[in-house]
Amino acid sequence: MRVLIYHRDADQWRDVLRSRLPEATFDIAGDSGNPPADFLVAWKPPVSLLEEQTTLKGIVNLGAGVDALLQNPALPRDIPIVKLRDAGMGELIADYVRYGVFHFQRDFDRYRRQQASHEWREFDVVDKRDWGIGVLGLGAIGSHVAKALTADGFPVHGWSRTPKRIEGITCHDGDDGLDGLLGQVRTLVTLLPDTPATRQIVNRDTLAKLPPGASLINPGRGTLIDEAALLEALGKGTEEGQLRGALLDAFPAEPLAADSPLWSHPRILVTPHMAGPTPLGAAADQVADALNAMSKGEAVETIDPDAGY
Ligand code: GLV
């Protein structure tokens with residue numbers, strides 16, 4: 001089988017995949033002018049690459065989110081598309097979220113501001129058992145995060161489009177379920193895929209349904225958040241508004257524009273889409289398994305382009 005790799009670290013991917021599939025031929029793709037391949041292993045391939053590759057029998061997306069791929073007008077619709085499922089990203093994102101939750105629950109946000117004015121004042125700790133957390137999105141990564149927070153001792157509410165059952169998590173679904181969840185959580189974590197149904201799901205209405213002083217952590221997709229509504233709910237300056245603070249890793253346009261007001265807001269932490277870098281080892285196993293199965297014509301777990309994930 002001939003495999004074309006399109007990725008910033010294509011050399012590394014080629015080496016780890018070659019060691020797993022010694023029979024296959026791997027080429028590193030440029031934007032165009034590449035040899036015809038049976039399979040494409042790629043993160044955000046350009047239109048020109050998909051247009052020229054007319055013999056593909058399958059695509060492996062080198063990430064968990066398929067939003068960018070599905071928005072590519074040259075994406076073939078009649079071949080299997082496989083995405084990474086957790087592949088070590090769940091643990092990394094869970095650590096990112098736990099950092100954020102403790103940042104707010106143990107008042108590090110407030111202590112940082114106090115330090116700036118050399119102020120020595122201790123806050124009473126809100127017990128973890130009283131610090132409800134809502135996780136929107138219970139896919140491979142969302143459920144990993146929800147379980148990690150439960151193991152830390154927080155009451156966790158999860159929300160998904162369709163009903164789910166996860167031990168130890170209070171699961172909600174549908175519009176009414178979302179309203180029920182929002183009223184009970186002090187931190188909201190967004191881990192939904194970017195689809196027409198989830199875009200700006202965190203908006204003026206949803207933010208108003210959170211208890212005053214709630215916080216937001218978004219390691220998912222920037223499109224999930226209505227940024228103007230977020231800034232409005234935060235209010236200005238260091239005084240906590242309806243929303244106490246936000247930890248944001250994903251933005252509708254990346255890199256985040258230098259003049260974005262999010263950079264300098266005193267109660268927003270911005271990170272550069274680093275919550276869940278794809279770990280090569282676990283991911284390479286998944287990619288190799290998928291290529292192997294597809295090359296033999298065996299069934300693989302494909303994405304649902306209509307659902308968008
Ligand atoms: C990263 O954002 C991914 O979807 O894996």
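The shell of residues around the ligand comprises three nonpolar, three polar and one charged residue. This tour of a predicted model begins at that shell and then moves to the salt bridges and to one buried glutamine.

**First stop: the ligand**

Select the ligand together with the residues around it: W43, G63, A64, G65, M89, R221 and H273. Begin with A64, where a backbone N or O atom lies 2.7 Å from an oxygen atom of the ligand. Turn next to G65, which has a polar backbone atom 2.7 Å from an oxygen atom of the ligand. Then display the side chain of R221; one of its polar atoms is 2.7 Å from an oxygen atom of the ligand. How much of the ligand's accessible area does the protein cover? On its own the ligand has 200 Å² of accessible area, of which the protein covers 87%.

**Second stop: salt bridges**

The structure contains 18 salt bridges, and three of them are visited here.

Select R14 and D15, whose side chains form a salt bridge with an N to O distance of 3.4 Å. D15 is partly exposed, since its relative accessible area is 42%.

Now select R98 and D152. Their salt bridge brings the closest N and O atoms to 2.5 Å apart. Because R98 belongs to helix α4 (residues 89–105) and D152 to helix α6 (residues 140–152), the pair ties together parts that are 54 residues apart in sequence. Are these two partners buried or partly exposed? R98 has 27% relative accessibility and therefore counts as partly exposed, whereas D152, at 16%, counts as buried. The dividing value is 20% relative accessible area, under which a residue is called buried.

Continue to D107 and R110, where the side chains meet in a salt bridge of 3.0 Å, N to O. D107 is buried, as its relative accessible area is 4%. Extend the selection to D107, D109, R110, R113, E240 and R244 in order to display a network of residues linked by salt bridges.

**Final stop: Q53**

Select Q53, in the loop between α2 (47–52) and β4 (58–61). Its relative accessibility is 4%, so Q53 counts as buried.

Which residues does Q53 touch, apart from its neighbours within four places in sequence? Show L4, N34, P35, P36 and A37, each of which is in contact with Q53. Finally, examine two polar partners of the Q53 side chain. The backbone oxygen of P35 is reached at 3.2 Å, and the side chain of E52 makes a polar contact with that of Q53 at 3.1 Å.

Methods:
Residues are numbered from 1 along each chain as its sequence is written. This is a predicted model: local features need pLDDT of at least 70, side-chain atom pairs count only at pLDDT 80 or more; totals for chains, interfaces and linings use all residues. Side-chain values use heavy atoms; hydrogens and water are left out. Helices (H or I, at least four residues) and strands (E, at least two) are DSSP runs, numbered from the N terminus. Buried means under 20% relative accessible area, exposed over 50%, partly exposed in between (1.4 Å probe, protein chains only). A polar contact is a pair of N or O atoms within 3.5 Å; within protein, one must be able to donate a hydrogen and the other to accept it, and residues adjacent in sequence count only if both atoms are side-chain atoms. Contact means heavy atoms within 4.5 Å. A salt bridge is a side-chain nitrogen of Lys or Arg within 4 Å of a carboxyl oxygen of Asp or Glu. A residue is near a molecule or strand if one of its heavy atoms lies within 4 Å of it. Accessible areas come from the Shrake-Rupley method with a 1.4 Å probe; for residues, only the protein chains shown count as cover. Ala, Val, Leu, Ile, Met, Phe, Trp, Tyr, Cys and Pro count as nonpolar, Asp, Glu, Lys and Arg as charged, and the others, Gly among them, as polar.
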